[in-house]
Amino acid sequence: PPWSTASSRASPPRARSSPGRSTHCAGRGTFVRDSLVTDQANALMSFTELGRERGLVPSARVLHRATRASTLVEAQDFGIGPGAALLELRRVRLLDDLPVSVDRSLVPAGLVPSANEVDFTSASLYAVLESHGHGPRRTEYIVGAIAADAASAALLEVPEGSPLLATHTKAFDAQGRLVEVGDMVYRGDRYQFHASLTKDPG
């Protein structure tokens, strides 16, 4: 499928909703309850923040959580030594107990020394990074459409082959350091991402 890229910078959040239809959070997209809603976005918020902002209850099922050695490519991306420890976290993300996405995050373990004490069924990974002085301030997205395989379909409670939105993200802190790499798949009927594109004069 065709792919597109977009970046999102932190700015004051602008959120709104249509009762019974959707919940929108700038920078993270539109979460749909009954029908698809189109809107624009440009602010960076975590999944947990957007749910709470709109009066929804964010939660997660932790599928995998481990600290492991980084590969050579991962170490180069993060600017850490080959074999340095990475936190790997895979979760099903829910709003009001409805599955919305499955995500996998990689974070240099040295940036989040308290991670082993965190309950990631309710805690925000971005908030943990923030507490250690590495809160994301900019993200880069690669977005594409895929069909749900058997594993994703079961986790998201959709028929196999259903359309999903797949994203690959890189989050950077205020110093421009890469602090998190994420791969997410979202239910196509509950999430839509929007970005504003501009063209420089010339």
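Trainee: Is Asp97 buried or exposed?

Mentor: This is a predicted model, where local features need pLDDT of at least 70, side-chain atom pairs count only at pLDDT 80 or more, and totals for chains, interfaces and linings use all residues. Residues are numbered from 1 along each chain as its sequence is written, and side-chain values use heavy atoms, leaving out hydrogens and water. Buried means under 20% relative accessible area, exposed over 50%, and partly exposed in between (1.4 Å probe, protein chains only). Asp97 has a relative accessibility of 62%, so it counts as exposed.

Trainee: Where in the chain is Asp97 found?

Mentor: Start with its backbone: phi of Asp97 is near 70°, a positive value in a residue other than glycine. Helices (H or I, at least four residues) and strands (E, at least two) are DSSP runs, numbered from the N terminus. Asp97 belongs to neither, for its place is the loop between S6 and S7.

Trainee: What is the relative accessible area of Asp96?

Mentor: Asp96 is found in the loop between S6 and strand S7 (98-108). Asp96 is not a glycine, yet its phi is positive, about 50°. Asp96 counts as partly exposed because its relative accessible area is 34%.

Trainee: How many helices and strands does the chain have, and what share of its residues is buried?

Mentor: The chain has four helices and 11 strands. Contact means heavy atoms within 4.5 Å. Of the contacts in the chain with a separation of 6 or more, residues 24 or more positions apart account for 58%. Of its 202 residues, the share that counts as buried is 49%.

Trainee: Which element gives the largest share of the largest nonpolar core?

Mentor: A nonpolar core is a set of buried Ala, Val, Leu, Ile, Met, Phe, Trp, Tyr and Cys residues joined through side-chain atoms within 4.5 Å. The largest one has 16 residues, and Val112, Phe120 and Leu129 touch the most other members. Strand S6 (85-95) and H3 each give two or more residues to this core. The largest share, four residues, comes from H3.

Trainee: Which residues does Val112 touch, not counting those up to four places away in sequence?

Mentor: Val112 is one of the three residues that touch the most other members of the largest core. Beyond four places in sequence, Val112 touches Leu87, Val107, Val128, Leu129 and His132.

Trainee: Which residue's side chain makes a polar contact with the side chain of His134?

Mentor: His134 lies in the loop between H3 and strand S8 (138-147). Its relative accessibility is 18%, so His134 counts as buried. Outside four places in sequence, His134 is in contact with Leu111, Leu129, Asp173 and Val179. A polar contact is a pair of N or O atoms within 3.5 Å (within protein, one must be able to donate a hydrogen and the other to accept it, and residues adjacent in sequence count only if both atoms are side-chain atoms), and at 3.1 Å the partner of His134 is Asp173.

Trainee: How long is the polar contact that joins the side chains of Arg187 and Asp189?

Mentor: Arg187 sits in strand S10 (residues 178-187). Arg187 counts as buried because its relative accessibility is 7%. Arg187 touches Pro99, Val100, Leu156, Glu157, Val158, Pro163 and Leu164, leaving out residues up to four places away in sequence. The polar contact between the side chains of Arg187 and Asp189 is 2.7 Å.
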